[in-house]
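Let's walk through this structure together, one strand at a time. Keep the 3D view open as you read.

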Amino acid sequence: MKLSDFDFDLPDDLIATRPASPRSSARLLVAQGDAISDDRVFNLPDWLRPGDRLVLNDTRVIPARLSGRRHRDSAQGPVSAAIEATLLEPRADGTWGALLKPLKKIRLGEEIVFSDDLSAVLEGVADGQAHLRFNLKGDDFDRALEQAGAMPLPPYIAAKRPADERDKTDYQTVWARQAGAVAAPTASLHFDEPLLQALADRGVEFTHVTLHVGAGTFLPVKVEDVTTHKMHAEWGQVSPQAAAEIQATKASGGRVIPVGTTALRLIESAARDGSIQPWEGETDIFIYPGFQFQVTDALMTNFHLPKSTLLMLVSALMGRDRMLRVYDHAIKSGYRFFSYGDASLLIP
């Protein structure tokens, strides 16, 4: 399997920079076997059956992008420099891993001031990642970050426009609970309360799991032999209740349908022994063609980057040739791509 096997040409004007409004008015491509149908997300209940179970990632995106300044006394007097920080993940020692731009402008032990309330000291650097210790913890930190931070939009959106106040709502799912992600589980952004009610009325059931999506989700694959690619690790949890609900659906003949590749990667991580079990920890599972799915029966997901691990994942579920036909149809039909784009329902 070569990286070039997962390439396709995408017109730049199909990259969405804002979501559909209302959320469930986004387009929905349904690929069931060899058939392709065009619909809308608000009609998702028509494609599901009573007893089907949607698995939802309840991670909450933090406003992880911060603009600050560091101040220093020099021979010419006080000087300052602008510093951009993108938080990646909390570390065991209480610091935060972060990307700083420009990293060379700040020294160990120096303070970066992000707002009147929020500041951090650079305690270390490893593998190009800064280790920041903030002046606040817990709820105080969360409140200050909410005020000072911006949503960490994906690079392909951030290159077109800066994040704004709308993104604090748009780039968050309606069921977000567990703070810790620096990227949204974007297939879930299509759901609103009316759609959730319509699904419940249809007899569709829901299970919540947590996978904190990291910035590594946007890292490109740099090896031509895709089987040698090393995935970034992300923390996740499948609770005993979630595992039991999924087991019960499988036992009763219902379909388990993760909403988004993050939920899929998590439940498959928890089911490597053949059936899903309660699970907690970091997963670096890499799913590409040849992967044996244990619990996933179908998948709702957005349209992914060329040559990305997510395109490899959907190709594992549906077959590479079929997925390239799906993407060809989507491009010719004007579907909107990536995080704020339209959705697909993939049923092998």
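**Strands and their neighbours**

In strand 15, W235 has E282 as its bridge partner. This is a predicted model, so please read what follows in that light. The pairing around W235 belongs to a wider set: strand 13 and strand 15 (residues 279-283) run antiparallel and are joined by five bridges.

Strand 13 spans residues 234-238, and its two faces have opposite surroundings: E234, G236 and V238 lie on the covered face, while W235 and Q237 lie on the uncovered one. Strand 13 also pairs with strand 12 (residues 205-211), again in the antiparallel sense, over two bridges. Here L211 sits opposite G236 of strand 13.

Next, look at R265, a residue of helix 7 (residues 261-269). Is R265 buried or exposed? With a relative accessibility of 4%, R265 falls under the 20% cut-off and therefore counts as buried. Leaving aside residues up to four places away in sequence, the contacts of R265 include L211, E234 and T283. Among its other contacts are M231, H232, D284 and L313.

Now turn to strand 17 (residues 343-347). Why is strand 17 largely enclosed by the rest of the structure? Five of its five residues are buried, so the rest of the structure largely encloses it. A343, L345 and I347 point one way, S344 and L346 point the other way, and all are buried.

Strand 17 has two pairings to follow. Strand 1 (residues 27-32) runs parallel to strand 17, with five bridges joining them, and Q32 stands opposite I347. Strand 16 (residues 299-302) runs antiparallel to strand 17 and is joined to it by four bridges; there, N302 has A343 as its bridge partner.

Conventions
Residues numbered from 1 in each chain as written. Predicted model: local features only at pLDDT ≥ 70, side-chain atom pairs only at ≥ 80, totals over all residues. Heavy atoms only, no water. Buried < 20%, exposed > 50% of the residue type's maximum accessible area, 1.4 Å probe, protein only. Pairing = 2+ DSSP bridges. Contact = heavy atoms within 4.5 Å.
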